[in-house]
Each structure stands twice: as structure tokens, then as C-alpha cells.
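The exercises below ask the reader to work through one structure, taking the packing of its interior before its charged pairs and its cysteines. Please keep the sequence and the model in view while following each solution.

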Amino acid sequence: MKMYDCDLCGSPDLHAMEHLRRYTGEWDLHACKSCGFVQVARRRTPEELQKVWAEELYRADQNVRLSEKTYTAKMPAVMARQTFAAAFIDEAVKLKGKTVCDIGAGEGTFLEMLRGPDYGAEGFGIEPSADNCRMMTDAGIENFLGTMEDYAASKPGRTFDVATIIWTLENCQSALGVLKAAADLLPDGGHVAVATGSRILVPFKKPMQYYLGANSDVHPFHFTANTLGGLYAGAGFEVTNVNRFIDSDYLVVVGRKTAKRPIPWQKDDWQAVAAFFERWDQETQNFYKGK
């Protein structure tokens with residue numbers, strides 16, 4: 001474990017929201033005082049994070065596909081969010097005939113959806129779980145066993161039309177590092193699409209104990225449309241499409257790789273972000289405690 005500076009702007013000036021330890025235990029969420037990006041600043045190495053996700057948290061049960069004890073992309077809630085993301089991304093970039101690299105591809109269900117008749121794309125998956133890669137291979141999906149960083153280090157010399165990062169960027173050791181590596185897989189004008197739960201702006205639909213927990217260090221990043229746009233800009237992408245996230249469970253952002261510099265983006269006010277979490281905590285204590 002070590003303390004990292006802000007993953008978005010590089011500032012070391014981070015505000016620890018210590019009152020959230022009632023949900024996270026030892027893990028502090030920090031709001032960057034420079035740009036407002038929310039992150040767990042003390043976190044694991046990329047290798048340790050890869051091991052946790054591949055061997056502990058995401059163990060696909062091939063016999064009990066919908067087990068409550070097993071996270072699997074076959075769960076109806078996961079299939080629903082992938083369906084939304086696929087439709088939005090297709091509307092933005094027209095997937096038919098395009099090559100798609102899915103980073104953190106899991107069991108390959110999203111790529112199976114994209115290669116189907118509705119979208120007609122050609123898919124490739126990057127995934128750190130050997131079990132999941134075997135499942136993709138069995139489904140006829142080409143894949144690479146390892147992290148995005150591992151794939152980039154292998155210098156594959158291969159490019160894709162689109163890179164997708166679906167409910168994965170928040171679980172990486174460096175969100176900016178993954179987006180920069182994704183940019184290397186795309187030609188100028190290529191697109192990247194990130195989909196996640198809308199992390200900061202519309203979370204009041206659930207109590208905080210269902211949002212934060214004792215494993216908060218393996219979900220270290222919490223995005224708004226602004227800070228995700230900042231990460232895009234830092235990796236060389238200009239945002240082209242954002243869904244109507246304010247009344248949705250999902251935040252989906254599509255960007256185009258560009259040589260234009262600098263790429264403008266809107267920071268968040270860290271004090272407003274901190275106050276938001278204080279209010280959310282108080283509402284949880286008032287209305288949801290013990291539920």
C-alpha cells in the first residue's frame with residue numbers, strides 16, 4: 001500500500017472524508033482540492049489489484065450462473081446495464097463492421113452482445129482472470145490474459161476502432177493510466193467508451209452502506225461527468241457523447257482520440273463534493289440506518 005497523488009491532475013493536496021470510515025473501515029475517500037476528483041488515495045499496486053479481482057472478487061461459477069454468492073455477468077442487472085451501454089455506444093459510433101477491444105472483458109458477455117446481429121462488431125477482450133479468458137475462448141472470442149498494462153507492455157502493434165471499458169475503470173489502480181494505454185490501441189479518430197454507475201451526482205437512491213464497504217480500496221475511483229471528462233482530456237480524448245445520467249443508473253461517456261491540445265474540461269468544486277458526501281451520509285443515518 002502507498003499514498004498516491006490525485007490520479008487526474010497529479011495534485012498531492014487531498015481532503016480525506018474521514019466520516020465515511022463508518023462504512024469503509026480503514027479506507028479514506030479523498031476529494032482532490034485542485035480538481036474535485038474522488039478517489040481512495042492509499043491503494044494497492046496494479047499486481048495486487050489484478051490478483052484480488054481475478055482470484056477473489058470475480059470468480060465465475062460455471063454451474064450456478066445466477067448464484068447470489070457469485071458475481072457473474074449473466075445476472076439480469078448486469079445484462080441490463082450492458083444492454084444500455086451497447087445501445088448508447090452504437091448510437092454514438094456505429095459499431096457495425098468495427099473492431100472493438102473490451103478492457104476488463106470479464107466473461108465476454110458484452111463482446112458477445114456486440115458481435116451479434118444487432119451490432120455486428122468484431123471483438124477482442126483483455127482480462128486478468130484465467131477462468132474468464134477460458135470462457136471467452138470457448139465462446140470463440142479472441143482474448144489476452146492479463147491487465148491493460150500487461151497488454152500494452154507486450155507491444156502488440158495492433159489497433160482497434162473502438163476501446164470499451166465497461167464498469168471497470170473505477171476498479172483499476174490508475175484510471176488515467178488505463179485510458180492512456182487505451183489511446184495507444186487506437187488510431188487518430190478512434191473512440192473510447194467508458195460506462196459506470198453514476199458515482200457522485202445521483203446516488204441518493206441507495207443508502208451509503210450499499211455504496212461503500214470494507215473493500216473500498218479495490219473500487220478506488222468515483223467519477224462525475226466532469227472528472228471523467230478530465231481523464232479523457234489527460235489521455236488525449238475529446239468527449240463527443242454523454243448520456244442523460246442525472247435520472248439514470250448509468251454514466252456512459254464516449255470520446256474521440258485527437259491531437260488537439262489542450263483539451264478543455266470542467267473541474268468539480270471539492271468543497272461541494274465533500275458537502276455532498278456529508279449530506280448523503282446524514283441522510284443514510286436518518287432514513288436508512290439498520291435497513
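**Exercise 1.** How many residues has the largest nonpolar core, and which of them have the most contacts inside it?

*Solution.* The model is a predicted one, in which local features need pLDDT of at least 70 and side-chain atom pairs count only at pLDDT 80 or more, while totals for chains, interfaces and linings use all residues. Residues are numbered from 1 along each chain as its sequence is written, and side-chain values use heavy atoms, with hydrogens and water left out.

Begin with the term itself: a nonpolar core is a set of buried Ala, Val, Leu, Ile, Met, Phe, Trp, Tyr and Cys residues joined through side-chain atoms within 4.5 Å, where buried means under 20% relative accessible area, exposed over 50%, and partly exposed in between (1.4 Å probe, protein chains only). By this rule the largest core has 39 residues, and those with the most contacts inside it are Ile103, Leu169, Leu179, Leu228 and Leu231. At least two residues of this core come from each of β6 (99-103), β7, α6 (148-153), β9 (162-166), α7 (175-184), β10 (191-197), α8 (225-235) and β13 (250-257); here helices (H or I, at least four residues) and strands (E, at least two) are DSSP runs, numbered from the N terminus. Helix α7 gives the most to this core, with 7 residues.

Next, take Leu169 with its contacts (heavy atoms within 4.5 Å). Leaving aside neighbours within four places in sequence, Leu169 is in contact with Ala175, Val178, Leu179, Val194, Phe221, Phe223 and Leu228. A second, separate core has 25 residues, including Ala85, Ile89, Ala193 and Val252.

**Exercise 2.** In which sense, parallel or antiparallel, do β7 and β8 pair?

*Solution.* Two strands pair if DSSP finds at least two bridges between them. Strand β7 (residues 122-127) and strand β8 (residues 142-145) are paired over 4 bridges in the parallel sense, and Gly125 stands opposite Asn143 in β8.

**Exercise 3.** Which parts of the chain does the salt bridge between Asp7 and Arg43 link?

*Solution.* A salt bridge is a side-chain nitrogen of Lys or Arg within 4 Å of a carboxyl oxygen of Asp or Glu, and the structure holds 11 of them. In one of these, the side chains of Asp7 and Arg43 meet at 3.9 Å, N to O. The pair links distant parts of the chain, with Asp7 in the loop between β1 (2-3) and β2 (14-16) and Arg43 in strand β5 (residues 42-43), 36 residues apart. Asp7 is buried at a relative accessible area of 9%, and Arg43 is buried at 3%.

Compare the bridge between Lys260 and Glu238, whose side chains meet at 3.0 Å, N to O. Lys260 counts as partly exposed at 43% relative accessibility, whereas Glu238 counts as buried at 17%. Salt bridges that share partners join Glu238, Arg256 and Lys260 into one network.

**Exercise 4.** How many disulfides does the count come to?

*Solution.* A disulfide is a pair of cysteine sulfur atoms within 2.5 Å, and by this rule the count comes to 0. For Cys9, the nearest cysteine sulfur is that of Cys32, 3.5 Å away, and Cys9 is in no disulfide. Cys9 counts as partly exposed at 33% relative accessibility. Cys172 is likewise in no disulfide, the nearest cysteine sulfur being that of Cys101, 13 Å away, and Cys172 counts as buried at 12% relative accessibility.
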